[in-house]
Structure formats: C-alpha cells, structure tokens
Amino acid sequence: MKIGLFGINFGVAGDVDAMITIAKAAEAAGLESVWTGEHVVLPDPRVPPSPSDPQTPFLDPAVALSHIAAHTTRLRLGTGVIILPQRNPVVLAKELASVDVVSKGRLIFGLGAGYLEPEFRALGAPFEDRGDVTDEAINAIKALWTMEKPAYKGRFFSFKGIDSQPRPVQKPHPPIVVGGMSRLGVLRAARFGNGWYGFLTDIDATAERIEWLRVFIANGMRPSELSEVEISVTPPKRLTREVVERYEAIGVHRLIPAFNANTLEGALRFVDEIGEIISR
C-alpha cells in the first residue's frame, strides 16, 4: 500500500515555509507522495457546498509542487485534484509538463470536474457542460503530451500546426488520476484514467465504486492500451494499520490521509503518526 498526504498547499501549508517543512518531513517519514487541493476562488461568505472558508490560502498546485520538487528528491507530487473544466488545457499541459520536468518525473496528474458553481461563474467556465469539457480537456492534454505533431478537434477545444515543449519526462505521460464519486466520474476514470481517486470515501463507498469500475471495464468501456486502474482514497477517519489493511483488502493501492491540523506542529505530528504506521 502506498501512503501519501493530502493538503500540502493550503491551510497551514499555505505558508511556504510550513509547506516545505511538511513535505520534507513526509519524505523523511517514508511517505510516497504529497497532494495539493485546488480552489481558484471561494464564495464569500461561505455557502454550501463550499469546503473551506473564503480566507483559506490555496497556493496554485503547479507553483507549489514545483517549489516542493526543489526541496525533495523522491516524493511523488500529486494534484488532488485540479478542477479541469476551469482550465485551458493547452496552458495546463505546459504547466504540468514543466512540473514533471523540474521534478525529474515525479508528477501525478489528478483531476476532477468540479462542483462549486460560484467558482465556475467567477472564472467564466461552463458549469452545466463541465463533464463534457473535462473529457475533451483530457484528450487535448494527452495529444499535447504524446503526439509527434499535436492536433485535436472537439466542441470546446481545437488546435493543429503547433507543438508544446518540453514534453513530460514520464512516458507516455504522467499518471492521470480521475477523481469523482458519481457514476460519470467513475466512468471517466475507466475511459481515460490511469487511476481513480475517492476523496473522504469510506470502505463501503470505495468498494461500491471499485465494483462500478469493474462493470464498466467488463462492458468494454476501457481502452485496451490502458492498464489496471490504480485506486487512491482519502479516508474520512483517522489512519491506523487496521484501516490500511481494510482498504488494501478491497483493492485500494494508495491511501492519502488529509491532515486538518491548525498548526505546523500539529501537521508534523500527523506526519510522524503516518510514518509509524508505514514502518510497522
């Protein structure tokens, strides 16, 4: 079981010195990866389903992970998740390829379709079409990362006669992990992803989504060139060795516990606790 850490770019870790201290501690403790969250803007005042207070600092995922890359050597760097339909895929492909290059091949590209309508409205992004936009953006990014002469034509994005360098270090491209609890989100992971990510997902909900994946794959929804779907989950409860074993038993490959500490000291204690679980 791979063990990561969610929340490396916001809250307590929104302070750059704290972010680097936590990332270094995670690497020293034997964690496999650190993961960012993303909200470009948040509703003010906070209204459901907004996950955070509007004054919560969220560092940009690509900027944060590039800085962490300069201070670590082994730690995988995950976006958990980038809200893809809010982004221009041509620009994002360049940003993420650059992260993979400066980190020497440590990027994991986690993405989701999003759910916070006020954020979409502020960005001028299409909320109602966000699922279709997400699917197109994935294909556009893959084209930019893998095609000798990148070209793509869709309803929302089209390009040809261009190139985008440098390409990612990882071949054919960095792992693409699709987040989403709905059937459409899980289907997107089956169709496009190297992995699926369930956020704050308990054992039963995770097992249900894994079964959905199996059915989609059995029904021919997964391209033959894609290998097994790697399952990553942020559990809703405190991580223990028993929790790790229960998730592992249903086919989860990676757990990404979220720290909710209000201080740097609390975050470091959390990392130490996870390190102790890993070393057992």
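Two aromatic rings of Phe, Tyr or Trp, the last represented by its six-membered ring, are taken as a pair if their centres lie within 6.5 Å. By this criterion the structure, which is a predicted model, holds nine aromatic pairs. In one of these, the rings of F109 and W145 have their centres 6.0 Å apart and their planes at 75°, and the pair is therefore edge-to-face, the cut-off for this class being planes over 60 degrees apart. The two residues belong to distant parts of the chain, since F109 is found in strand β5 (residues 107-112) and W145 in helix α5 (residues 130-146), with their positions 36 residues apart. F109 counts as buried because its relative accessibility is 1%, and W145, with a relative accessible area of 3%, is buried as well.

A further pair is made by Y152 and F159, whose ring centres are 6.3 Å apart and whose planes meet at 40°, so that this pair is classed as tilted. Both Y152 and F159 are buried. In addition, one aromatic cluster is formed by F6, F10, W35, F58, Y197 and F199. A contact of another kind involves a charged residue, as R130 lies over the face of F127 at 4.0 Å from the ring centre.

On the surface, a nonpolar patch is formed by V40, V41 and L123, which together have about 210 Å² of accessible area. Of these residues, V41 is located in the loop between β2 (33-36) and α2 (61-71). V41 has a relative accessible area of 34% and is therefore partly exposed, a class that lies between the limits of 20% for buried and 50% for exposed residues.

Conventions. Residues are numbered from 1 along each chain as its sequence is written. This is a predicted model: local features need pLDDT of at least 70, side-chain atom pairs count only at pLDDT 80 or more; totals for chains, interfaces and linings use all residues. Side-chain values use heavy atoms; hydrogens and water are left out. Patches are made of residues with over 30% relative accessible area and no salt bridge: like charges are joined within 9 Å, nonpolar side chains (Val, Leu, Ile, Met, Phe, Trp, Tyr) within 5 Å. Accessible areas come from the Shrake-Rupley method with a 1.4 Å probe; for residues, only the protein chains shown count as cover. A salt bridge is a side-chain nitrogen of Lys or Arg within 4 Å of a carboxyl oxygen of Asp or Glu. Helices (H or I, at least four residues) and strands (E, at least two) are DSSP runs, numbered from the N terminus. Buried means under 20% relative accessible area, exposed over 50%, partly exposed in between (1.4 Å probe, protein chains only). Rings of Phe, Tyr and Trp (its six-membered ring) pair if their centres lie within 6.5 Å; planes under 30 degrees apart count as stacked, over 60 as edge-to-face and the rest as tilted. A charge sits over a ring if NZ of Lys or CZ of Arg is within 6 Å of the ring centre and within 35 degrees of the ring normal.
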